[in-house]
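Please take a moment to look over the sequence and the structure shown below. The paragraphs that follow lead through them step by step.

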Amino acid sequence: AVVSTQSTGYFVWFAMLFADEVLQLFTLTFHDWFRNMFNKMDTIMYLLVTLGLVLVHIPTEKALEGATEPDEKRFYDIGRIFLSLGSIVFYIRLLHMFTVDAALGPTLLMIQKMIKDFKVFLLMFLIVAVAFGIGYTIALTDPDDWDEDTDNKHGGYISGIFFYTWFQMYGELFVEELQDGSGAYYGEEKKNGRSEFVVGLVGVYMAIVVLMLVNILIAMFSDTYTRIKDREDVIFKFQRLELLQDIENSYLPPPFSFIHMVVVKLMTSPGQEHGPDSDNK
């Protein structure tokens, strides 16, 4: 497969960032390195980008014979999806620069704590969403429907369980589709008494999610905000300390930081690596 100039630049930039991470692993234990949230994001980013670059450049038999069109590359679309996700993580990773600011730095910790709160909400929401999604499916379908066109309909029913309940949380209720029994995941129109029952289920579902679960999440966010705000100054000082520890071994950007580390290691004798007191012990 032909590697474009843009892809080559992507390879080089990716290698530069990876070199800087290797430098950190030389100066920290893996446990200390992986404890940092942004290093976890780096790990996810490297995995996504690596998979994306590999998949994008795996050619089909036609490409091996000389064709270079993107649609003739196997796994090309999947690779682009991985690259898209990797790019999203990369740009979110840039939030790390906010740790130098006394106001924005504690806000990053606030976001991390709110993510934990959101996990609790998401667990409760998924249980409720699956329960009502299955209720929609049972009410709008008949047992005979499951015996027809198995390959398509079974996947459609399962997707419908999550599709409707997830987007209803954002205000897209699909009342007309569910009332007519003509949703994209339920096949042909089958309006009956059960359809009106499903509309009632939508009302109960929205009351539980919007009035209860979402307000619980807002209360959890508010509590997290208050706790972080009260300790804002102390949190910023700890973040500044961690930032200084990250740049302690080199003030150069990647990949020059990695080159600097290699040169320092080569110029430092084994006895000097343990500090000035090592000769007296």
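Which residues of helix 5 are buried? In this predicted model, the buried residues of helix 5 are G79, L83, G86, V89, F90 and R93. Seen down the axis of helix 5, these residues fall within an arc of 125°, and they therefore line one face of the helix. On the face turned away from that buried side, helix 5 carries the exposed residues D77, I81 and Y91. The helix itself runs over residues 76-93, and its 18 residues reach 25 Å from the first C-alpha to the last, which is close to the 26 Å expected at 1.5 Å a residue.

One of those exposed residues, Y91, also takes part in a nonpolar surface patch of about 480 Å², which Y91 makes together with L94, M97, F98 and L104. Within this group, M97 has its place in the loop between helix 5 and helix 6 (104-140).

Turning from the surface to the interior, the largest nonpolar core has 20 residues, and those with the most contacts inside this core are F125, Y136, L178 and Y205. Helix 6 and helix 9 (193-230) each supply at least two residues of this core. A second, separate core has 14 residues, including Y46, L53, L83 and F90; of these, L83 and F90 are among the buried residues of helix 5 already named.

For the wider setting, the protein chain has eleven helices and zero strands, and buried residues make up 30% of its 281 residues.

Conventions. Residues numbered from 1 in each chain as written. Predicted model: local features only at pLDDT ≥ 70, side-chain atom pairs only at ≥ 80, totals over all residues. Heavy atoms only, no water. Helix = DSSP H or I, 4+ residues; strand = E, 2+ residues; numbered from the N terminus. Expected span 1.5 Å × (residues − 1). Buried < 20%, exposed > 50% of the residue type's maximum accessible area, 1.4 Å probe, protein only. Arc of directions from axis to C-beta. Patch = residues over 30% accessible without salt bridge, like charges linked within 9 Å, V, L, I, M, F, W, Y side chains within 5 Å. Areas by Shrake-Rupley, 256 points an atom, 1.4 Å probe, with all protein chains shown as cover. Salt bridge = Lys/Arg side-chain N within 4 Å of Asp/Glu carboxyl O. Core = buried A, V, L, I, M, F, W, Y, C linked by side-chain atoms within 4.5 Å.
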